[in-house]
Amino acid sequence: MAQASKKKRVLIADDVEFLRAILKDILSRAGFDVIAEAEDGVEALRLAKELKPDIVVLDIVMPGKNGLQVAGELRGYPLKVVMCSTIGSQDVIKEAMELGASAYIVKPLDEKKVLAALEGIAFEDS
C-alpha cells in the first residue's frame with residue numbers, strides 16, 4: 001500500500017538542543033522526515049497546528065507549556081503523540097496515555113527504544 005512508502009513527518013519538541021539533535025539523527029536515518037523542532041511547549045503547539053505532522057515527539061519538562069499540556073491540547077488532531085522524558089514514573093506515564101499519547105520513551109535515549117516506539121505507531125491507521 002502507498003502509505004507504507006510515504007515518509008512519516010515528525011515534529012520534535014525538547015528544550016535540550018543536544019537531545020533534539022540525537023532524536024533527529026535516529027529518526028532521519030530510519031526514514032522519518034523530521035520537519036521541525038521546537039524548544040518549548042508553546043512553539044511545539046504552534047508548529048503542530050501549522051505544519052500538521054504525522055507524529056509529535058514531546059518532552060515533558062519544557063518552558064512555556066509542558067509536554068502533558070501540549071498533548072492534551074493536541075487531542076482530536078489527526079496525529080500521534082510520543083512522550084519522551086526522563087520521568088519514568090507510572091503515574092506520569094498513565095497520565096500521558098490518558099491525554100492521548102500513543103507511546104512513551106524514557107530517557108536516556110536508546111536508538112532501539114526510540115525506533116520501536118515510533119515504528120510501532122507509524123503505520124497504525126489514524
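## A parallel sheet and its surroundings

In this predicted model, the side chains of Lys107 and Asp14 make a polar contact of 2.6 Å. Lys107 sits in the loop between E5 and H6, and strand E5 belongs to an open sheet of 5 strands. Let's look at that sheet, then at a helix lying across part of it, and finally at three residues worth finding on your screen.

**The sheet**

- In what order do the strands of the open sheet come? The order is E2-E1-E3-E4-E5, and the pairing is parallel.
- Strand E2 (33–38) and strand E5 (101–106) stand at the edges with a single partner strand each, so one side of each has no neighbour in the sheet.
- On average, neighbouring strands of this sheet are turned by 20° against each other, direction ignored.
- As a reminder, strands of a sheet pair through backbone hydrogen bonds, either parallel or antiparallel.
- You can follow one pairing in detail: E4 (residues 80–85) and E5 are joined in the parallel sense over 5 bridges. Within that pairing, Met83 has Tyr104 in E5 as its bridge partner.

**Helices on the sheet**

- Helix H5 (residues 90–98) lies across E4 and E5, and runs at about 155° to E5.
- Helix H6 (residues 111–122) also packs on the sheet, where it touches strand E1 (9–13), strand E3 (55–58), E4 and E5. The direction of H6 makes about 175° with that of E5.

**The two sides of H5**

- Which residues of H5 are buried? They are Val92, Ile93 and Ala96.
- These buried residues are on the same side of H5, because they cover an arc of only 100° around the axis.
- A general rule helps here: an α-helix has 3.6 residues a turn, so residues three or four places apart point the same way.
- Gln90, Asp91 and Lys94, on the other side of H5, are exposed.
- The cover over the buried residues of H5 includes helix H4 (67–73), E4 and E5.
- After H5 comes Gly100, which has a positive phi, near 110°.

**Lys107, in the loop after E5**

- Is Lys107 buried or exposed? Its relative accessibility is 11%, so Lys107 counts as buried, the cut-off for that being under 20%.
- Besides the contact with Asp14, the side chain of Lys107 has a polar contact of 3.4 Å with the side chain of Asp59.
- Leaving out residues up to four places away in sequence, Lys107 touches Asp14, Leu19, Asp59, Cys84, Ser85 and Thr86.

**Asp54, in the loop before E3**

- Where is Asp54 found? Look in the loop between helix H3 (41–51) and E3.
- A polar atom of the Asp54 side chain lies 2.7 Å from the backbone nitrogen of Arg9.
- Asp54 touches several lysines, among them Lys6, Lys7 and Lys8, and also touches Leu79, once residues up to four places away in sequence are set aside.

**Ala13, in strand E1**

- Ala13 lies in strand E1 and counts as buried because its relative accessibility is 1%.
- How far apart are Ala13 and Ala38 in sequence and in space? They are 25 residues apart in sequence, yet 4.5 Å apart in space, C-alpha to C-alpha.
- Not counting neighbours within four places in sequence, the contacts of Ala13 are Ala38, Ala44, Val57, Leu58, Asp59 and Met62.
- Asp59 is worth a second look: this residue is in contact with Ala13 and is also touched by Lys107.

Note on methods
Residues numbered from 1 in each chain as written. Predicted model: local features only at pLDDT ≥ 70, side-chain atom pairs only at ≥ 80, totals over all residues. Heavy atoms only, no water. Pairing = 2+ DSSP bridges. Helix = DSSP H or I, 4+ residues; strand = E, 2+ residues; numbered from the N terminus. Axes fitted to C-alpha atoms, helices over the stretch in contact; angles between N-to-C directions. Contact = heavy atoms within 4.5 Å. Buried < 20%, exposed > 50% of the residue type's maximum accessible area, 1.4 Å probe, protein only. Polar contact = N/O pair within 3.5 Å; in protein donor to acceptor, adjacent residues only side chain to side chain. Arc of directions from axis to C-beta.
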